[in-house]
Amino acid sequence: MGDPKTVLCFGDSNTWGASGRADKQGVRLPYSSRWTTLLQRQLGDDVIVISEGLNGRTTVLDDPHNWPNCGRTDLGAANGHRYLLPCLHSHKPVDLVILALGCNDLKLRFALNPVEIAKGCRLLVEDIRTSGCGPGGGAPKIVLVSPPAVQWVAQFHADFGPER
């Protein structure tokens, strides 16, 4: 039996395991309830699922207002583009990257449209393809997860506002 396959889940608070409730900001779901844990359970022992989620992570944007999630000293820490390649290299060989970013790019302060957000995702996909971090120094396979459908609720995080 060979080494297990490696699946890297690179995302935002959804990958981190945030509760998703407006009244529970910064609260993490129990380990057993996070989607990355459920994925690990489904895939079994022949696969290692690595959860690399960070609250507030964007595709390619620095967010100086995200310091509560990243520390006060590195205001670019939530920029997915800055951390993706070091992350890939630290876990190589990576068989599959599940890229789940774009939600935080919708924040009002960035004023991005869907095409601009897709361009950020495309840059990350290209970084993965050319990383040499897959088996044999090739490219890992990629699953791009689109931001989930969002619905209007009475309570929402002010970063996203009623216009989004």
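1. Let me start with the charged side chains: the structure holds five salt bridges. Please keep in mind as you read that this is a predicted model. Three of the bridges are worth walking through one at a time, beginning with K5 and D95.

2. The side chains of K5 and D95 meet at 4.0 Å, N to O. What does this pair link? It joins distant parts of the chain, with K5 in strand 1 and D95 in the loop between helix 4 and strand 3 (96-100), 90 residues apart. The two ends differ in their surroundings: K5 has a relative accessible area of 48% and is therefore partly exposed, whereas D95, at 19%, is buried. You may want to treat that last label with some care, because buried means under 20% and D95 has a relative accessible area of 19%.

3. Next, have a look at D63. K107 forms a salt bridge with D63, and their closest N and O atoms are 3.4 Å apart. K107 belongs to the loop between strand 3 and helix 5 (114-129), while D63 belongs to the loop between strand 2 (47-53) and helix 3 (67-70), so this bridge ties together parts that are 44 residues apart in sequence. Both K107 and D63 are buried.

4. D63 has another partner in R109, with the closest N and O atoms 3.0 Å apart. This pair also links distant parts of the chain, since R109 sits in the loop between strand 3 and helix 5 and D63 in the loop between strand 2 and helix 3, 46 residues apart. Is each of these two residues buried or partly exposed? R109 is partly exposed, because its relative accessible area is 35%; D63 has a relative accessible area of 1% and so is buried. Taken together, D63, K107 and R109 are linked in a network of salt bridges.

5. R109 turns up again in a contact of another kind. The charged end of R109 sits over the ring of F110, 5.8 Å from the ring centre. The cut-off for such a placement is within 6 Å of the ring centre. A second arginine is placed over a ring as well: the charged end of R57 sits over F10, 4.3 Å from the centre of that ring.

6. That brings us to F10 and the aromatic rings. How many aromatic pairs does a search of the whole structure find? It finds one. The rings of F10 and Y83 have centres 6.2 Å apart and planes at 20°, so they count as stacked. The pair links distant parts of the chain: F10 is in strand 1 (residues 5-11) and Y83 in helix 4 (residues 80-91), 73 residues apart. F10 is buried, because its relative accessibility is 0%, while Y83 is partly exposed at 31%. For F10, then, the picture combines the stacked ring of Y83 with the charged end of R57 over its own ring.

7. Finally, a word on H89, which also lies in helix 4. H89 has a relative accessible area of 38% and so is partly exposed. Which residues does H89 contact, leaving aside its neighbours within four places in sequence? They are S131 and C133. As for G132, its C-alpha is 8.6 Å from that of H89, though the two residues are 43 apart in sequence.

Note on methods: Residues are numbered from 1 along each chain as its sequence is written. This is a predicted model: local features need pLDDT of at least 70, side-chain atom pairs count only at pLDDT 80 or more; totals for chains, interfaces and linings use all residues. Side-chain values use heavy atoms; hydrogens and water are left out. Rings of Phe, Tyr and Trp (its six-membered ring) pair if their centres lie within 6.5 Å; planes under 30 degrees apart count as stacked, over 60 as edge-to-face and the rest as tilted. Helices (H or I, at least four residues) and strands (E, at least two) are DSSP runs, numbered from the N terminus. Buried means under 20% relative accessible area, exposed over 50%, partly exposed in between (1.4 Å probe, protein chains only). A charge sits over a ring if NZ of Lys or CZ of Arg is within 6 Å of the ring centre and within 35 degrees of the ring normal. Contact means heavy atoms within 4.5 Å.
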